[in-house]
Amino acid sequence: MMNNLFSIFDPSTNIFNLPLNWMSTFIGLMFIPFMFWFLPNRHFILWNFILNKLHNEFKILLGNINSNGSTFIFISLFSFILFNNFLGLFPYIFTSTSHLTLSLSISLPLWLSFMLFGWINNSQHMFAHMIPQGTPSILMPFMVLIETISNIIRPGTLAVRLTANMIAGHLLMTLLSSTGNSFNIYLIFILIFIQILLLILESAVAIIQSYVISILSTLYSSEVN
């Protein structure tokens, strides 16, 4: 039962051993080229408003004058994860963000680049960050150990948070839909109503998770400056 249940997340569709499921990762690129429109439409104005709000918020979190243009990295990260989360809600479209292959490929290089930049350019700040202010001398070795472990597991927590949230909602919808064959007509209408509510919830989760990943990445980058 569990093997069949989790098999919905397996990238099994292929032609000549080429995994075509992962092509859904790049479908979001079709929503980007708005510069080909002669006049900005309502979708472009709304999306531009969201990006400007994110730019201002990320700029405040970074808080560094020399980090001009750094917000575009996290805005692009937000857009990429948001498109993939939403595309996974459509039927027969592979949810690439429900796999650690994609989420770790995003979080691990970001974390490594932050750590390399911090330890090479701001070594004293990185050492001072490992011991919170006001820590007693006897607790300093333990605090260094705790801060080191919490720093190392950051890319894993970013990846698992995104993957677990995507898998949980899809599994719940799959479990409920698989029980529809044994229901009568009245219970099927109730089941459809519950599925619509779950779909609305998953849409909110898709937005929230992309926002959380980009915000946490911004906070991690601000700590190394």
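These legends walk through close-up views of a predicted model.

**View 1. The whole chain, for orientation.** Before zooming in, here is the overall layout. The chain holds eight helices and two strands, and from the N terminus on its elements run α-β-β-α-α-α-α-α-α-α. Of its 225 residues, 34% count as buried. Among contacts with a separation of 6 or more, 76% join residues 24 or more positions apart. The accessible surface comes to about 14,600 Å², and carbon and sulfur atoms account for 74% of that area.

**View 2. Helix H3, largely enclosed by the rest of the structure.** H3 covers residues 71-87. At 1.5 Å a residue, its 17 residues should span 24 Å, and the end C-alpha atoms are indeed 24 Å apart, so the expected and modelled spans agree. Twelve of the 17 residues are buried, which is why this helix is described as largely enclosed. If you would like to find some of them, the buried residues include Phe74, Ile75, Leu77 and Phe78, and further along Ile81, Leu82 and Phe83. Thr71, Ser79, Asn84 and Asn85 are also among the buried residues of H3. What covers the buried residues of this helix? The cover includes helix H2 (42-62), helix H4 (100-121), H7 and H8.

**View 3. The contact of H3 with H4.** Here we take one of the covering helices by itself. The axes of H3 and H4 are 12 Å apart, and the two helices pack at an angle of about 170 degrees. Angles over 145 degrees count as roughly antiparallel, and H3 is therefore roughly antiparallel to H4. By class, their contact has nine nonpolar, no polar and no charged residues. On the H3 side you will find Ile73, Phe74, Leu77, Phe80 and Ile81, which meet Leu102, Ile106, Leu110 and Phe114 of H4. Phe74, Leu77 and Ile81 may look familiar, as they are also among the buried residues of H3.

**View 4. Helices H7 and H8 side by side.** H7 spans residues 154-178, and H8 spans residues 185-222. Their axes come within 10 Å and cross at roughly 175 degrees. H7 and H8 are therefore roughly antiparallel to each other. Sorted by class, this contact has 16 nonpolar, seven polar and three charged residues.

**View 5. Met166 and its surroundings in H7.** Is Met166 buried or exposed? Met166 is buried, because its relative accessible area is 1%, under the 20% cut-off for burial. Leaving aside neighbours within four places in sequence, Met166 is in contact with Asn85, Thr97, Ser98, Glu202, Val205, Ala206 and Gln209. Asn85 in that list is one of the buried residues of H3. Take a moment to locate Gln209 too: it lies 43 residues from Met166 along the chain, and the two C-alpha atoms are separated by 8.8 Å.

**View 6. Gln195, a buried residue in H8.** Gln195 is found in helix H8. Its relative accessibility is 17%, so Gln195 counts as buried, given that burial means under 20%. Which residues does Gln195 touch, not counting those up to four places away in sequence? They are Met173, Leu176 and Ser177. The C-alpha atoms of Gln195 and Leu176 are separated by 7.7 Å, with their positions 19 residues apart along the chain counted as their separation.

Methods
Residues numbered from 1 in each chain as written. Predicted model: local features only at pLDDT ≥ 70, side-chain atom pairs only at ≥ 80, totals over all residues. Heavy atoms only, no water. Helix = DSSP H or I, 4+ residues; strand = E, 2+ residues; numbered from the N terminus. Buried < 20%, exposed > 50% of the residue type's maximum accessible area, 1.4 Å probe, protein only. Contact = heavy atoms within 4.5 Å. Axes fitted to C-alpha atoms, helices over the stretch in contact; angles between N-to-C directions. Parallel < 35°, antiparallel > 145°, perpendicular 65-115°, else oblique. Nonpolar A, V, L, I, M, F, W, Y, C, P; charged D, E, K, R; others polar. Expected span 1.5 Å × (residues − 1). Areas by Shrake-Rupley, 256 points an atom, 1.4 Å probe, with all protein chains shown as cover.
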